[in-house]
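This report is meant for a reader who is meeting the structure for the first time. Please keep the sequence and the model in view while reading.

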Amino acid sequence: LTPLDRSYVRRALAGTALAIGLAFTLRVMPPFTPSPEQNLVYRSGIWYERNRETVGTLYVNHPWFFYAWGHDKYDPEFAAITHENLARARTGDAVIMESHYSHRLEGDVRFAFFEDNPDYEILGVEHAGKNWCGVIRKR
């Protein structure tokens, strides 16, 4: 084989190896699909992004909210959903409450706290299977 032929052979082998590797990866690791829970949290984040200028502090515990929207959990505009934090909530602050992490990770607040509290208005709750997510506003 001439040097030129060897170059084509090397490129063909590299291309074949790359194609096989890509096909194997896509077969073994399919593209990421968010869970119903993650979709609910993301959609609640849409409300926040549209109303961000009018929201003081947003109380949210779900890690997917921060990951999906690219927010820093430690930014002062966010706080965990805890009774201690909600005691300092002001009119216009908002809560993204969901069924998985809101009362477990850092939180100690159940949804009933907002249902029975005249200081809060439940703007909407969306369900997907056994999961739910709601947006709540401090009056």
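The report below describes the sheet, a buried glutamate, the aromatic rings, the salt bridges and a surface patch.

## The sheet

The structure is a predicted model. Its central topic here is an open sheet of five strands, arranged in the order 2-1-3-5-4 with mixed pairing. Strand 2 (78-79) and strand 4 are the edge strands, and each of them pairs on one side only.

The parallel part of the pairing includes strand 1 (residues 58-60) and strand 3, which are joined by three bridges. Within this pair of strands, Leu-58 has Ala-94 of strand 3 as its bridge partner.

Strand 3 (residues 94-98) is also joined to strand 5, in this case by five bridges and in an antiparallel arrangement. Here Glu-98 lies opposite Cys-133 of strand 5.

On its other pairing, strand 5 meets strand 4 (residues 120-128), again in the antiparallel sense, over eight bridges. Two pairs of facing residues help to locate this contact in the model. Val-125 stands opposite Gly-134 of strand 5, and Ala-128 stands opposite Asn-131 of strand 5. The two strands form a hairpin with two residues between them, and Gly-129 in the turn has a positive phi of about 65°.

Is strand 5 largely enclosed or not by the rest of the structure? Strand 5 covers residues 131-138, and seven of its eight residues are buried, so the strand is largely enclosed by the rest of the structure. As a general point, the side chains of a regular strand alternate between the two faces of the sheet.

## A buried glutamate in helix 2

Glu-37 belongs to helix 2, which spans residues 36-51. Is this residue, Glu-37, buried or exposed? Glu-37 has a relative accessibility of 14% and therefore counts as buried, since the limit for a buried residue is under 20%.

Leaving aside residues up to four places away in sequence, Glu-37 touches His-62, His-100, Tyr-101 and Asn-131. The last of these, Asn-131, is the residue of strand 5 that stands opposite Ala-128.

## Aromatic rings

The count of aromatic pairs comes to twelve. One of them is formed by Phe-113 and Tyr-120, a tilted pair with 5.9 Å centre to centre and 55° between the planes. Tyr-120 also pairs with Phe-114, in an edge-to-face arrangement with 5.0 Å centre to centre and 85° between the planes.

The three residues of these pairs are covered to the following extents. Phe-113 is partly exposed, with a relative accessible area of 28%. Tyr-120 is buried at 5%, and Phe-114 is buried at 1% relative accessibility.

Elsewhere, ring pairs link Tyr-48, Phe-65, Phe-66 and Phe-78 into a cluster.

## Salt bridges

How many salt bridges does the structure hold? There are five salt bridges, and the table lists three of them.

| Acidic residue | Basic residue | N to O distance |
|---|---|---|
| Glu-49 | Arg-52 | 3.6 Å |
| Glu-77 | Arg-52 | 3.1 Å |
| Glu-84 | Arg-88 | 3.8 Å |

The pair of Glu-77 and Arg-52 links distant parts of the chain, 25 residues apart: Glu-77 lies in the loop between helix 3 (63-69) and strand 2, and Arg-52 lies in the loop between helix 2 and strand 1. Through shared partners, salt bridges join Glu-49, Arg-52 and Glu-77 into one network.

Two members of that network have computed accessibilities to report. Glu-49 is partly exposed, with a relative accessible area of 26%. Arg-52 likewise counts as partly exposed, at 29% relative accessibility. In the remaining pair of the table, both Arg-88 and Glu-84 are exposed.

## A nonpolar patch on the surface

Which residues form a nonpolar patch on the surface? The patch consists of Phe-24, Val-28 and Met-29, which together have about 350 Å² of accessible area. Val-28 is found in helix 1, residues 3-28. With 46% relative accessibility, Val-28 counts as partly exposed.

Definitions and conventions:
Residues are numbered from 1 along each chain as its sequence is written. This is a predicted model: local features need pLDDT of at least 70, side-chain atom pairs count only at pLDDT 80 or more; totals for chains, interfaces and linings use all residues. Side-chain values use heavy atoms; hydrogens and water are left out. Buried means under 20% relative accessible area, exposed over 50%, partly exposed in between (1.4 Å probe, protein chains only). Helices (H or I, at least four residues) and strands (E, at least two) are DSSP runs, numbered from the N terminus. Two strands pair if DSSP finds at least two bridges between them. Contact means heavy atoms within 4.5 Å. Rings of Phe, Tyr and Trp (its six-membered ring) pair if their centres lie within 6.5 Å; planes under 30 degrees apart count as stacked, over 60 as edge-to-face and the rest as tilted. Patches are made of residues with over 30% relative accessible area and no salt bridge: like charges are joined within 9 Å, nonpolar side chains (Val, Leu, Ile, Met, Phe, Trp, Tyr) within 5 Å. Accessible areas come from the Shrake-Rupley method with a 1.4 Å probe; for residues, only the protein chains shown count as cover. A salt bridge is a side-chain nitrogen of Lys or Arg within 4 Å of a carboxyl oxygen of Asp or Glu.
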